[in-house]
Amino acid sequence: MSNEKESPTRVSRRTFMGTAAAAAGITIVPRHVLGAGFQAPSDTVNVAVVGYKHGMGTSNLMNVARSDNIVALCDCDESEAAKTAMIRREIPTKFPKAAMYKDFRQMFDKQKDIDAVVVATPDHNHAIIANTAMQLGKHVYCQKPLTRTISEARALAEAAKKYKVVTQMGNQGHSEEGLRVMQEWFEAGAIGQVREVHCWTNRPIWPQGMPRPAETPAVPEGFDWDLWIGPAPMRPFHPTYHPFGWRAWQDFGAGAMGDMACHVMDASYTVLKLGAPTSVEATLAYNFLPPGPGERGFGKRVEYNDSYPPSSVIHLTFPERGNLPPVKLHWYDGGLLPERPADLEPERKLPESGTIFIGDKGKMWCETYSESPRLIPETFMQSYTERPAKTLPRVPGGRDGHEKNWLDAIRSHGKAVSDFEYAGPFTETVLLGNVALRFPSQRLLWDGPNMKVTNVPEANQYVVHSYRQGWSLT
């Protein structure tokens with residue numbers, strides 16, 4: 001599929017191919033002639049997936065392949081363990097025509113038929129790969145969180161606007177039906193004005209809060225550790241980082257909040273039109289050394305090391321937005337939970353991740369991906385019979401259609417639901433919580449437009465990205 005638009009002074013690839021086909025006696029049939037439900041080859045998007053062997057990359061790959069063409073697969077891990085995992089999932093047999101690459105830079109240099117790119121690497125490589133793709137005019141689907149740092153999130157949002165490409169962040173709950181239902185309920189006045197929100201998750205489900213490993217095992221054969229490190233500071237390989245534990249480390253991931261708040265906080269950010277906060281404070285953000293000989297439980301508490309804490313509570317304050325009042329949003333992770341609402345039925349359990357909106361006329365909750373919205377208590381839900389009409393646009397398939405929503409937007413030259421114009425500022429808000437983790441019990445005042453903490457200057461070093469030599473976003 002071409003990214004070019006027709007113009008009187010330039011012959012697009014589609015016009016040229018149509019003329020050439022006619023001269024050769026070949027007929028290219030447009031989609032509207034073929035009928036509903038049939039996708040013409042000229043409307044098929046050629047997609048490359050970077051980081052497809054671990055985590056969400058495999059899922060994104062399979063979802064894209066349902067409707068469009070996988071032309072390239074790129075991953076720096078060619079170890080025997082990674083190959084075995086791919087064989088088990090039948091990836092080599094399902095995509096025999098896809099070109100294979102280890103380095104995304106070589107992929108972009110060599111392969112010119114790529115229309116769009118899925119970025120599903122660890123967080124610290126998101127910005128570099130996504131920005132490179134956009135500079136080349138490729139559409140981008142990037143896993144959540146959009147980036148590891150606030151400044152990278154802003155840079156990607158600006159790049160998407162500059163290069164006029166179609167983008168999407170992988171917070172699939174933003175395509176969910178429940179998100180639109182809650183927005184319609186709220187705008188109809190079901191729970192009144194909201195000044196307080198509680199969001200929580202059971203993550204991390206991986207170890208956090210530990211010191212950096214001292215062991216330096218050999219890098220598995222076939223795994224390019226230097227390329228995996230990418231723009232992050234170099235450190236010795238250790239299996240605590242790859243293939244899964246990287247989320248726990250400040251240099252590579254964004255901890256529990258970065259991993260899950262792009263899902264869990266999405267409902268409140270959208271429904272309440274939150275925008276940028278004005279302050280943030282982490283009131284519980286501590287790490288612990290391993291217990292000493294003969295000790296049980298946690299060891300000595302340390303204020304900070306380069307792994308995120310095993311649990312935290314973070315408070316974000318948002319100002320008035322038009323006729324909407326200020327909001328205090330409270331985030332809990334590591335198994336910590338908000339106070340149970342007094343009017344929640346005793347037999348109802350809080351989900352492992354979710355959100356509760358506290359309105360002056362009632363309460364509303366949802367689960368991880370904005371699914372299963374309910375009013376609290378259930379008697380309130382049952383009495384809410386005059387519900388508003390469904391006026392907001394829906395995404396076919398809900399969160400299972402999130403990748404397709406992006407691909408369809410490419411075809412129609414439109415916008416995906418969680419494009420970088422939305423996802424960039426949202427990611428900035430999420431990542432501000434991680435800045436606060438480095439300054440427990442200090443309230444940081446945030447100047448969103450100028451992207452800086454105004455009362456604790458030393459916090460700003462964690463707002464902006466810093467890459468090792470040889471790597472740059474420009």
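R340 is partly exposed in this predicted model, with a relative accessible area of 35%. That value lies between the 20% under which a residue counts as buried and the 50% over which it counts as exposed. This briefing covers the loop that holds R340, a buried loop residue, Q172, helix 8, the nonpolar cores and the cavities.

**The loop around R340**
- R340 belongs to the loop that runs between strand 12 (327-333) and strand 13 (354-359).
- Setting aside residues up to four places away in sequence, R340 touches E345, P346, E347, R348, K349 and L350.
- One of these contacts, L350, is 10 residues from R340 along the chain, and the two C-alpha atoms are separated by 8.2 Å.

**The loop residue Q172**
- Q172 is located in the loop between strand 6 (167-169) and helix 9 (177-187).
- Q172 has a relative accessible area of 14% and is therefore buried, since the cut-off for that class is under 20%.
- Beyond four places in sequence, the residues that Q172 touches are M56, H263, Y369, R399 and H402.
- One of these contacts, H263, falls within the range of helix 11 (255-264).

**Helix 8**
- Helix 8 spans residues 150-163, 14 residues in total.
- From its first C-alpha to its last, helix 8 reaches 20 Å, close to the 20 Å expected at 1.5 Å a residue.
- The buried residues in helix 8 are I150, S151, E152, A153, L156, A157, A159 and A160.
- Cover for these buried residues comes from elements including helix 7 (126-135), strand 6, helix 15 and strand 16 (444-447).
- K164 follows helix 8 and has a positive phi, near 55°.

**Nonpolar cores**
- The largest nonpolar core contains 102 residues, and M265 and F357 have the most contacts inside it.
- Helix 15 supplies the largest share of this core, 10 residues.
- Another core, of 21 residues, lies apart from the largest one and includes V47, I70, A98 and A416.
- Leaving out neighbours within four places in sequence, F357 is in contact with M182, I191, V194, E196, V197, A267, S268, V271, L272, G362, K363 and M364.
- Among the contacts of F357, M182 falls within the range of helix 9 (177-187).

**Cavities**
- The structure holds two cavities of 30 Å³ or more.
- The largest cavity has a volume of about 50 Å³, and the second largest has a volume of about 30 Å³.
- The lining of the largest cavity is formed by H124, R148, E152, P231, A232, P233, D251, S466 and Y467.
- This lining comprises four nonpolar, two polar and three charged residues.
- E152 is thus named in two settings: E152 lines the largest cavity, and E152 is one of the buried residues in helix 8.
- The second largest cavity is lined by Q208, G255, A256, M257, Y308, P309, S312, D333, N434 and L437.
- Helix 11 (255-264) and helix 15 (420-437) are the elements that give two or more residues to the lining of the second largest cavity.
- Helix 11 provides the largest share of that lining, three residues.
- By class, the lining of the second largest cavity has five nonpolar, four polar and one charged residues.
- Helix 15 recurs across these topics: helix 15 is among the elements covering the buried residues of helix 8, gives the largest share of the largest nonpolar core and contributes to the lining of the second largest cavity.

Note on methods. Residues numbered from 1 in each chain as written. Predicted model: local features only at pLDDT ≥ 70, side-chain atom pairs only at ≥ 80, totals over all residues. Heavy atoms only, no water. Helix = DSSP H or I, 4+ residues; strand = E, 2+ residues; numbered from the N terminus. Buried < 20%, exposed > 50% of the residue type's maximum accessible area, 1.4 Å probe, protein only. Contact = heavy atoms within 4.5 Å. 1 Å grid on protein atoms, 1.4 Å probe; cavity = no way out; pocket = protein on both sides within 12 Å on 5 of 7 lines; lining within 4 Å. Points joined across faces, edges and corners; volume = space filled by probe spheres on them. Nonpolar A, V, L, I, M, F, W, Y, C, P; charged D, E, K, R; others polar. Core = buried A, V, L, I, M, F, W, Y, C linked by side-chain atoms within 4.5 Å. Expected span 1.5 Å × (residues − 1).
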